[in-house]
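Please open the model in a viewer and keep the selection panel at hand. The tour below proceeds by selections, each followed by a description of what is there.

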Amino acid sequence: MTVSPYDIARVLIEALPHMQRYDEEVVVVKYGGHAMGEEAGAKSFARDIVLLEQTAINPVVVHGGGPQIGGMLKRLGIKSEFAAGLRITDAATIEVVEMVLAGSINKQIVGYINEAGGKAVGLCGKDGNMVTARKVSRTVVDPGSRIEQIVDLGFVGEPDKVDTTVLDEILGKQLIPVLAPVATAAEGGTYNVNADTFAGAVAGALKAKRLLLLTDVPGVLDKSKQLIKELSIDDARRLIADGTISGGMIPKVETCIYALEAGVEGVVILDGKVEHAVLLELLTDHGAGTLIHR
Ligand SMILES: Nc1ncnc2c1ncn2[C@@H]1O[C@H](COP(=O)(O)OP(=O)(O)O)[C@@H](O)[C@H]1O
Ligand SMILES: CC(=O)N[C@@H](CCC(=O)OP(=O)(O)O)C(=O)O
C-alpha cells in the first residue's frame, strides 16, 4: 500500500485535536514485562514515546519486568513464589529485583528512547526519595484447608508517599523519565513494588491527564470475552464483585480506581503488543482498550 503525502497530511490534521487536548499534559505509561516482548516491539514503543514528547505531551514511563526477573532468578537458581499476585521477596530476591528492574531493563528502555532521538532519564523510586513505601502483607486462603493465612511477603512495599520534586525538575524540559518500580522502604532499605501500583501512585501524585496500563490482553473483557470499551468506577467494582474481573486484572483495575480517585482524569488498560497502541489511544479517534473514568 502506498501512502501519498496528502494522506500523511490528512492523518496529521486528524491528530491535531488530540495533540491539543494533551498539550503540556502529563501522561503516565506503564509498560508491563509481558507487553515488552520482542526487541522490535520495544523499539517501536520507544519511538511512540518520543513522538508524544515531540508533540508537547509530557510522557512518564513506568516499566515492569516480572517475567524478566523470573528468568534471572531461575538462572541464579533462586526459587520464586507469588502470593495474591505479588512476588514473595526475600533478601536474595530483592537484590536481583533491583538489578533487573533499575539496572538492565531500565537502561534498555532508556537506550531505545535515546536511539529514537529522545532524551530519557532512567530513575527508580529511590532517586530523590521519589517513592517511599510501607511494607505490605496479604491474606490468602489455603486451597486445601480453606484456612486464611497472613503471608509475609518480605521486601514488598506499597507506595506511601510520592515526592515529585525530581519529576517536576525533569518534565517540560524535553526529558523523558523512565521509572523502575523499586522504592525506598520507610524504615530504610529497598522495597519491591508492583509496577501497576507504582504507576498509579506516580500518576496520582502528578495529577496526570491519562494513565495507560499496557498489558497483553486487549483491555477488560466481559464474560463472553468481548472488550469493554468504557467503564465507570462503579461498573469496575461491580465486575470485580461478580467475578468477571479476576486474577492479575484485579490489582490492575484497583490501581485504576485509586489513580482516578487521586485526580487522574482517565485510565486506559490496553494491549501493549499491538503496534503503536499508545499512539492509537492518544492521538486517534479510535481508542485502543478499556477507558475507566470517574
Ligand atoms: N475480565 C478480564 N479481562 C481481561 N483480563 C482478565 C480479566 N480477568 C482476569 N484477567 C487476566 O488478567 C491478566 C492481566 O493481568 P497480568 O497478567 O497481571 O498483567 P501484566 O503482567 O501485564 O501486569 C490477563 O492476561 C487475564 O488472564
Ligand atoms: C511485588 C511484585 O510482585 N513486584 C513485581 C515488580 C515487577 C512488575 O510488576 O512487573 P510486571 O508489570 O511486568 O508484572 C515483581 O517482582 O515481579
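The stops run from the sheet to the helices packed around it, then to a hairpin and the two ligands.

The model is predicted, so local features are described only at pLDDT of at least 70 and side-chain atom pairs only at pLDDT 80 or more, while totals for chains, interfaces and linings use all residues. Residues are numbered from 1 along each chain as its sequence is written, and chains are lettered from A and ligands numbered from 1 in the order in which they are written.

**The sheet**

Begin with the open sheet of eight strands, whose order is E5-E8-E2-E1-E11-E13-E14-E12 and whose pairing is mixed. Strands here (E, at least two residues) and helices (H or I, at least four) are DSSP runs numbered from the N terminus, and two strands pair if DSSP finds at least two bridges between them. Select E5 (120-124) and E12 (230-232): they stand at the edges with a single partner strand each, so one side of each has no neighbour in the sheet. On average, neighbouring strands of this sheet are turned by 20 degrees against each other, direction ignored.

At the E12 edge, add strand E14 (residues 290-293), which runs parallel to E12 and is joined to it by three bridges. Ser232 has His293 as its bridge partner in E14.

Next, display helix H3 (residues 39-54), which lies across E1 (26-31), E2 (58-63) and E8 (176-180) and runs at about 150 degrees to E2. Helix H7 (residues 195-206) also packs on the sheet, where it touches E1, E2, E8 and E11 (210-215), and its direction makes about 175 degrees with that of E1. Contact between two residues requires C-beta atoms, placed from the backbone, within 7 Å. Angles run from 0 to 180 degrees between N-to-C directions, and axes are lines fitted to C-alpha atoms, for helices over the stretch in contact.

**Helix pairs**

Keep H3 and add H5 (residues 91-115). The axes of H3 and H5 cross at roughly 60 degrees and come within 8 Å. H3 and H5 are therefore oblique to each other; angles under 35 degrees count as roughly parallel, over 145 as roughly antiparallel, 65 to 115 as roughly perpendicular and the rest as oblique. Ala42, Lys43, Ala46, Ile49 and Val50 of H3 make the contact with Ile109, Tyr112 and Ile113 of H5. These residues divide into seven nonpolar, no polar and one charged. In this classification Ala, Val, Leu, Ile, Met, Phe, Trp, Tyr, Cys and Pro are nonpolar, Asp, Glu, Lys and Arg are charged, and the others, Gly among them, are polar.

Now exchange H3 for H4 (66-75). H4 and H5 pack at an angle of about 125 degrees, with axes 10 Å apart. That angle makes H4 oblique to H5. On H4, select Gln68, Ile69, Met72 and Leu73; on H5, select Thr93, Val96, Val97, Val100 and Ile105, which complete the contact.

Move to H8 (residues 233-241) and H9 (residues 249-261), which pack at about 155 degrees with their axes 11 Å apart. This angle makes H8 roughly antiparallel to H9. Which residues of H8 and H9 meet? Ile233, Ala236 and Ile240 in H8 face Ile250, Val253, Cys256, Ile257 and Leu260 in H9 as contact partners. The contact has eight nonpolar residues, with no polar and no charged ones.

**The hairpin**

Select strands E6 (residues 131-141) and E7 (residues 148-162), which pair in the antiparallel sense over ten bridges. They form a hairpin with six residues between them, and Arg146 in the turn has a positive phi of about 65 degrees. E6 is also joined by two bridges to E9 (residues 182-185), running parallel. Centre on Ala133, whose bridge partner in E7 is Pro159 and in E9 is Ala185.

**The ligands**

Around ligand 1 there are 18 residues, of which Gly32, Thr215, Leu221, Gly248 and Met249 come nearest; a residue counts as near if its C-beta atom, placed from the backbone, lies within 6 Å. H2 and H9 are the elements giving two or more residues to this shell, and H2 supplies the largest share, three residues. By class the shell has six nonpolar, nine polar and three charged residues.

Finish at ligand 2, where Gly33, Gly64, Gly66, Arg87 and Ala195 come nearest among 15 surrounding residues. Two or more residues of its shell come from each of H2 (33-36), H4 (66-75) and E4 (86-87). This shell divides into six nonpolar, eight polar and one charged.
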